[in-house]
Amino acid sequence: EVEGDSSILAALSVWNLLIRPPRAWYDVSQLGPREFVAGGVRAVRRDVRLKTPRGVRLECSHFVPRHEESLQKCPVVVYLHGNSSSRLEAATVAEALIAQGISLFCYDASGCGLSEGKYVSLGWHEAQDLAAVIAHLRQSPFCGPVGLWGRSMGAVTALLYADKDPCLGAICVDSPFASLRRLSLELASSSRIPIAVPAFVVGMALAFVRMRVQALADFDIDDIMPAENAARSFAPALFMHARSDDFILPAHSRDIYDAYAGDKQYYTMDGDHNSERGAKVVNHAVAFFRRAFRLGEVDLGITPETLDEVPSVPAEFDGVSRKVPAPRCCPPQPPPTPPTPPVWTWDDDRPATLPAACVPAPRSITGGKGASLMHLEELLDIREPIWTPMTALVSEEGEEKQEQHWQEEEVKQERAEGMKRMCHQGTVAAAAKGEEASKCAGASAAALGFGPAARRGQRKLGGA
């Protein structure tokens with residue numbers, strides 16, 4: 001009975017260490033001023049609130065160096081704090097990054113600091129939240145290469161995410177564990193548990209922890225195995241671990257380092273799991289990011305043409321909303337003006353607008369002594385087309401006028417066909433008789449009373 005009670009107490013202690021550590025409360029004023037100078041570089045801080053796909057709101061801060069002289073992308077390092085900590089932890093690395101022209105994005109993980117959430121998941125759900133944070137950063141055209149700097153739980157979060165993002169620039173992981181089950185077994189038998197637990201009951205206590213974590217925090221501790229994710233990751237990685245760490249033993253990070261598939265470096269320092277990382281350690285990590293980002297080698301400039309017509313610089317990059325002009329290389333041209341259709345006038349001076357397709361092509365049939373069918377058609381004013389679409393002449397006259405117009409068109413068409421037959425028959429005679437045939441054609445037109453040209457011919461004949 002005593003052993004059973006001890007195993008339950010041990011399980012509860014491990015459970016609290018894993019998913020519900022003490023929350024690190026703080027005041028926002030502890031983040032420091034919104035504008036400051038670090039290493040001779042002017043920088044600003046922009047506080048934002050992001051909502052993850054899980055519906056959890058994260059409190060975030062973005063520290064960005066100003067680049068007033070030109071438009072350029074800014075590399076960014078996302079800092080991931082440890083268990084029972086907050087974004088205040090990133091203050092120890094902010095100045096070193098800003099001095100090198102690298103922006104810093106940090107946030108309170110779910111269940112930590114001022115962010116929403118009741119439990120932590122040691123990297124499982126945190127990796128999903130990290131994906132939302134990086135997606136937010138990459139929406140800006142000013143976002144350069146992205147790196148991850150995580151410590152303890154944050155280091156595990158970085159490893160669980162790294163194999164899913166081939167575009168990561170680099171990762172720095174400080175004191176990660178290789179397997180959550182392995183860490184739980186070590187904690188259950190460590191001095192951190194107030195009651196000593198016999199080895200044969202540790203397994204039973206861990207089964208209770210696993211069941212309890214699944215019910216409350218919705219993840220399985222057996223699924224968190226960063227060493228397996230490391231075997232599928234290729235971003236340049238820096239592994240760091242304190243030599244006297246008795247919470248997560250250095251063997252964990254060494255095993256992950258051995259399994260890591262990409263370029264890697266292993267670095268050890270003095271101190272334990274919670275020791276503050278000194279300037280030497282921080283500068284070593286910042287130099288690693290500079291090499292991985294190839295700062296000074298690649299061009300991070302932005303041409304105005306890559307932005308919108310009048311883009312807005314994101315406020316988190318300078319704290320002030322401002323506009324940047326982006327002239328286009330080729331300004332938009334107005335649409336071409338359609339050609340004006342020809343206007344035809346009938347005998348009674350009614351305008352008739354015809355489509356371009358209705359305009360006939362010139363035709364000429366040459367006969368003897370300069371006589372031609374085209375000449376006769378011009379003389380008699382019967383050039384095609386005689387018929388005009390009804391919609392071009394009558395638009396609002398009513399049905400009676402439309403019917404009258406159709407009748408007039410039919411009469412004109414019959415008269416025109418008769419005259420054309422006469423013109424064809426008269427062409428040969430005009431070629432043989434010359435001037436006499438021309439007078440005959442004029443007289444025929446005058447007799448019919450068709451067109452102004454015919455009336456002119458009639459007056460001419462009458463005068464002769």
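# Salt bridges, sheet and helix H9 in a predicted model

Tutor: The structure holds 20 salt bridges. Please keep in mind that this is a predicted model.

Student: Which residue does arginine 34 form a salt bridge with?

Tutor: Its partner is aspartate 47, and the closest N and O atoms are 3.4 Å apart. Arginine 34 sits in the loop between helix H1 (2-19) and E1, whereas aspartate 47 belongs to strand E2, so the pair ties together parts that are 13 residues apart in sequence.

Student: How exposed are arginine 34 and aspartate 47?

Tutor: Arginine 34 is partly exposed, with a relative accessible area of 47%. Aspartate 47 also counts as partly exposed, at 21% relative accessibility; the limit for buried is under 20%.

Student: And what does lysine 164 form a salt bridge with?

Tutor: Lysine 164 forms a salt bridge with aspartate 163, with 3.4 Å between the closest N and O atoms. Lysine 164 is exposed, its relative accessible area being 56%.

Student: What about arginine 277 and aspartate 174: how far apart are N and O there?

Tutor: Their side chains meet in a salt bridge at 2.8 Å, N to O. Arginine 277 lies in the loop between E9 and H9, and aspartate 174 lies in strand E7, so this salt bridge ties together parts that are 103 residues apart in sequence.

Student: Are arginine 277 and aspartate 174 buried or exposed?

Tutor: Both of them are buried. Elsewhere, Arg181, Arg210, Asp220 and Asp222 are joined into one network by salt bridges that share partners.

Student: Changing topic to the sheet: in what order do the strands come?

Tutor: Nine strands form an open sheet with mixed pairing, in the order E1-E2-E3-E5-E4-E6-E7-E8-E9. At the edges are strand E1 (35-38) and E9, each of which pairs on one side only. From one strand to the next, the twist averages 20 degrees.

Student: How many bridges pair E2 and E3?

Tutor: Nine bridges pair E2 and E3, in the antiparallel sense. Within that pairing, arginine 45 stands opposite phenylalanine 63 in E3. The hairpin of E2 and E3 has five residues between the strands, and glycine 55 in this hairpin takes a positive phi near 85 degrees.

Student: And on the E5 side, how many bridges join E3 to E5?

Tutor: Strand E3 (residues 57-65) is joined to strand E5 (residues 103-107) by four bridges, and the two run antiparallel. Phenylalanine 63 stands opposite leucine 104 in E5, while histidine 62 has phenylalanine 105 as its bridge partner in E5.

Student: How many residues of E3 are buried?

Tutor: Eight of its nine residues are buried, so E3 is largely enclosed by the rest of the structure.

Student: Where is cysteine 106, and what does cysteine 106 touch?

Tutor: Cysteine 106 is in strand E5. At 1% relative accessibility, this cysteine counts as buried. Leaving aside residues up to four places away in sequence, cysteine 106 touches Glu59, Cys60, Ser61, Phe63, Tyr79, Arg87 and Ala90. Cysteine 106 and tryptophan 149 are 43 residues apart in sequence, with 9.8 Å between them in space, C-alpha to C-alpha.

Student: Which strands does H2 lie across?

Tutor: H2 lies across E1, strand E2 (41-51), E3, E4, E5 and E6, and runs at about 155 degrees to E5.

Student: Now H9. What span should its 15 residues have?

Tutor: At 1.5 Å a residue, helix H9 (residues 279-293) should span 21 Å, and its end C-alpha atoms are 21 Å apart, which agrees.

Student: Which residues of H9 are buried?

Tutor: The buried residues are Val281, Val282, Ala285, Val286, Phe288, Phe289 and Phe293. These residues cover an arc of only 150 degrees around the axis, which puts them on the same side of H9.

Student: What do the buried residues of H9 pack against?

Tutor: They pack against one helix, H2 (91-99), and against strand E4 (74-80), strand E6 (143-151), strand E7 (170-174), strand E8 (237-242) and strand E9 (264-269).

Student: Which exposed residues are on the face turned away from the buried side of H9?

Tutor: That face carries the exposed residues Ala279, Lys280 and Arg291.

Student: What phi does arginine 294 take?

Tutor: Arginine 294, just after H9, takes a positive phi of about 60 degrees.

Methods:
Residues numbered from 1 in each chain as written. Predicted model: local features only at pLDDT ≥ 70, side-chain atom pairs only at ≥ 80, totals over all residues. Heavy atoms only, no water. Expected span 1.5 Å × (residues − 1). Buried < 20%, exposed > 50% of the residue type's maximum accessible area, 1.4 Å probe, protein only. Arc of directions from axis to C-beta. Contact = heavy atoms within 4.5 Å. Pairing = 2+ DSSP bridges. Axes fitted to C-alpha atoms, helices over the stretch in contact; angles between N-to-C directions. Salt bridge = Lys/Arg side-chain N within 4 Å of Asp/Glu carboxyl O.
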